[in-house]
Amino acid sequence: MTSAATVESPDAREIKVVDAVPKGLYIGGAWRPAAGGATFGVEDPSTGAQLCEVADASPADGVAALDAAVAAQPGWGATAPRERGEILRRAYELLISRQEDLALLMTLEMGKPLAESRGEIAYAAEFFRWFSEEAVRIEGGYSISPDGKSRFLVMRQPVGPCLLITPWNFPMAMGTRKIGPAIAAGCTMVMKPADATPLSMLALAEVLAEAGLPGGVLNVVPTIQAGPVMEPLIRDGRARKLSFTGSTGVGRKLLEQASSHVLRTSMELGGNAPFLVFADADLDAAVEGALLAKMRNVGEACTAANRFYVHADVAVEFGDRLAKRMAALRLGRGSADGVQVGPLINAAGRDKVAGLVTDAVQHGAKVVIGGSAVDRPGYFYAPTVLTDVPLDARMAREEIFGPVAPITVFHDEDEAVADANSTEFGLMAYVFTRDMARALRVCERLESGMVGLNSGLVSNPAAPFGGVKESGIGREGGRIGIDEFLEVKYVGFPAP
C-alpha cells in the first residue's frame, strides 16, 4: 500500500449541504417516513464515516408509491405538452443555479472530485433542457392506404406508470436521463435510487417539486431492500415500463420479472470497453483520450475504457506516456482543492479492483505504476497501469470499475477488432487512428452501441446512449430517447 495521508473532517458547509436534503420517502407529493420508521446510513467513501440516515422504504411503501403514480397518471398524461416542457425547463434552471451545493452533495456521498461533480450537475441539467424541447415535438401521422379505401391515423401516447432504477456512479445524471423523457412523454414514475447515493435523487425530487411537478408524478423510494420492494411492483401489472441502469446480472433478473406482465423495458447494463490505438494515431490525443475514458469517475463508469489494445509499434511509448500522466494525478478527498482522483464507492469495490490486479500479475502482467490500495481511511486505490496483460486474465473479461489501465499489444487490424469484440458486452468502444478509411471500417466492425473516434468522451444528452449484446436494450437521450416512454397507436377508418 502507498503511504497514509491526513484525512479532512467534514466542514460546516458540508454538514449544512447534507442537512438541507430531505431524508424521507417522497410519495404523492409529500415527504414521509418509512413504515415503522426504518432508516439506513449513507457513507462518505473518502473517510468511511456516516454522513446521515435516510428512510428505508418497505414493500408496503413501494406499493404506496405505485398507488400514487397510478392515481396521477390520467391527469398527468392529459397535461399539455408545453406545460410539461416548462416544468422541465424550470428544473433545468434550478439545477444550474444550485450547481455548487448539488456538486458538493454528490461528492460527499459518491466520492468523485468536485470538478467532476460540477460537470455531472451540468450534464444532468442538460437532459431536462433537451427533453423540455422534445415534449412539444411528439408527433403522430396521417396517411392514405395504398388502395385509397381507408385512412391511417398514428398516435403516440404515454406508456403509463414507470419504474425507474438508477445506479450509484452517476446519481444525478442517471436520474435526469430517465425522469426527463418520462415527464416529457406524460408518464408518472416510481424511482428507486441506489442505496449508496440516495441524497442526490432526494435533492432532485425537491427541485422538481419546486419547479411545479404535480404530486404523484415522481415518487422516490430509497431502500436497501431493492428486491423485496421492487419485484412486487414489477410483477404488479399496473406499471407499464421498467427502466434500469446497472449490472448485466441484475438486468437479467429484472427482465425475467418484467416478462410476467410484458413490461416495456429499457436496460443500460454492463460494459467492457476496448480502447484501440493504431500505429498512426496521434499519441498526444490518444493519451488525453485514455485519461478521459479511464479516469472519469475514478474508472467507475460503464463507458470506462477497460481493455487497452495498442499496436506493437507504439505500445511502449503509449504506456510510458499514460503511466507518467496517471502517476501525476492528485489523489484525495473529492471536496479538497485540486484533487483529481477520489475513492472507490466502498470496500467491496476497492477489493474487487485489487483482486483483478493480483490476478493479472499472476498471469504475467507487469505493474508500471500503482498496483495497490492506498493506506488511508476511505476506499482509495492508486492509479495503475499494467502492461503485457494476457487475454486470459480476468480483467480482460470483467468490468474493472476502478483506476486501472491494462495494456495488451496487437499487430494488425483484424487482430485488434477480434480482441475488441471478444466479449459478451457491447456498450462503448474507442478508436484512435489518423487513417479515416480505417476509422470508418473499424467503427463499422466493432460490436458496440457507441464508439468514440479519436475522442475519450462521447456522452451527450442530444445523442442516443445505449449498447448491444448483453450491454442493454433501448436508448436514452437524443431524439429517440423519448420513444422509450411512448406507445404507438394506429387508428384505421374508411376513406371519407
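# Reading cores, strands and pockets

Trainee: Leaving aside its neighbours within four places in sequence, which residues is Phe-128 in contact with?

Mentor: Contact here means heavy atoms within 4.5 Å, and by that rule Phe-128 is in contact with Leu-88, Ala-91, Tyr-92, Leu-95, Thr-176, Ile-179, Gly-180, Leu-204 and Leu-208, once its neighbours within four places in sequence are set aside. Please keep in mind that this is a predicted model, in which local features need pLDDT of at least 70 and side-chain atom pairs count only at pLDDT 80 or more, while totals for chains, interfaces and linings use all residues. Residues are numbered from 1 along each chain as its sequence is written, and side-chain values use heavy atoms, with hydrogens and water left out.

Trainee: Which residues touch the most other members of the largest nonpolar core?

Mentor: A nonpolar core is a set of buried Ala, Val, Leu, Ile, Met, Phe, Trp, Tyr and Cys residues joined through side-chain atoms within 4.5 Å, where buried means under 20% relative accessible area, exposed over 50% and partly exposed in between, with a 1.4 Å probe and protein chains only. The largest core has 65 residues, and those touching the most other members are Phe-128, Ile-179, Met-189, Leu-199, Leu-208 and Leu-218. Helix H5 (residues 114-134) gives this core its largest share, 9 residues; helices (H or I, at least four residues) and strands (E, at least two) are DSSP runs numbered from the N terminus. Another core, of 48 residues, lies apart from the largest, and among its members are Ala-281, Phe-318, Ile-369 and Phe-432.

Trainee: How many bridges join S6 to strand S20, and how many pair strand S5 with strand S6?

Mentor: Two strands pair if DSSP finds at least two bridges between them. S6 (residues 150-158) pairs with S5 (residues 141-144) in the antiparallel sense over 4 bridges, and S6 also runs antiparallel to S20 (residues 486-494), to which 9 bridges join it. Arg-151 of S6 stands opposite Ile-144, and the same Arg-151 stands opposite Phe-493 in S20. S5 and S6 form a hairpin with 5 residues between them, and in its turn Gly-148 has a positive phi of about 80°.

Trainee: Why does Val-451 count as partly exposed?

Mentor: Val-451 counts as partly exposed because its relative accessible area is 24%. Val-451 is found in strand S18 (residues 450-453), and, not counting residues up to four places away in sequence, Val-451 touches Met-428, Ala-429, Val-431, Cys-443, Leu-446 and Val-458. Although Val-451 and Val-431 are 20 residues apart along the chain, their C-alpha atoms are separated by 7.3 Å.

Trainee: Which residues lie nearest the centre of the largest pocket?

Mentor: On a 1 Å grid over the protein atoms alone, a pocket is an open set of points with protein on both sides within 12 Å along at least five of seven lines, whereas a cavity is a set where a 1.4 Å probe fits but cannot get out, and lining residues have an atom within 4 Å of a point. The largest pocket holds about 1,000 Å³ of space, and of its 45 lining residues Pro-167, Trp-168, Phe-244, Gly-246 and Ser-247 lie nearest its centre. The largest share of that lining, 6 residues, comes from H9, which is helix 248-258.

Trainee: Where do the closest residues to the centre of the largest cavity lie in the sequence?

Mentor: They are Pro-274, Phe-425, Gly-426, Met-428 and Glu-447, out of 15 lining residues. The largest cavity holds about 70 Å³ of space, a volume being the space filled by probe spheres set on grid points joined across faces, edges and corners.
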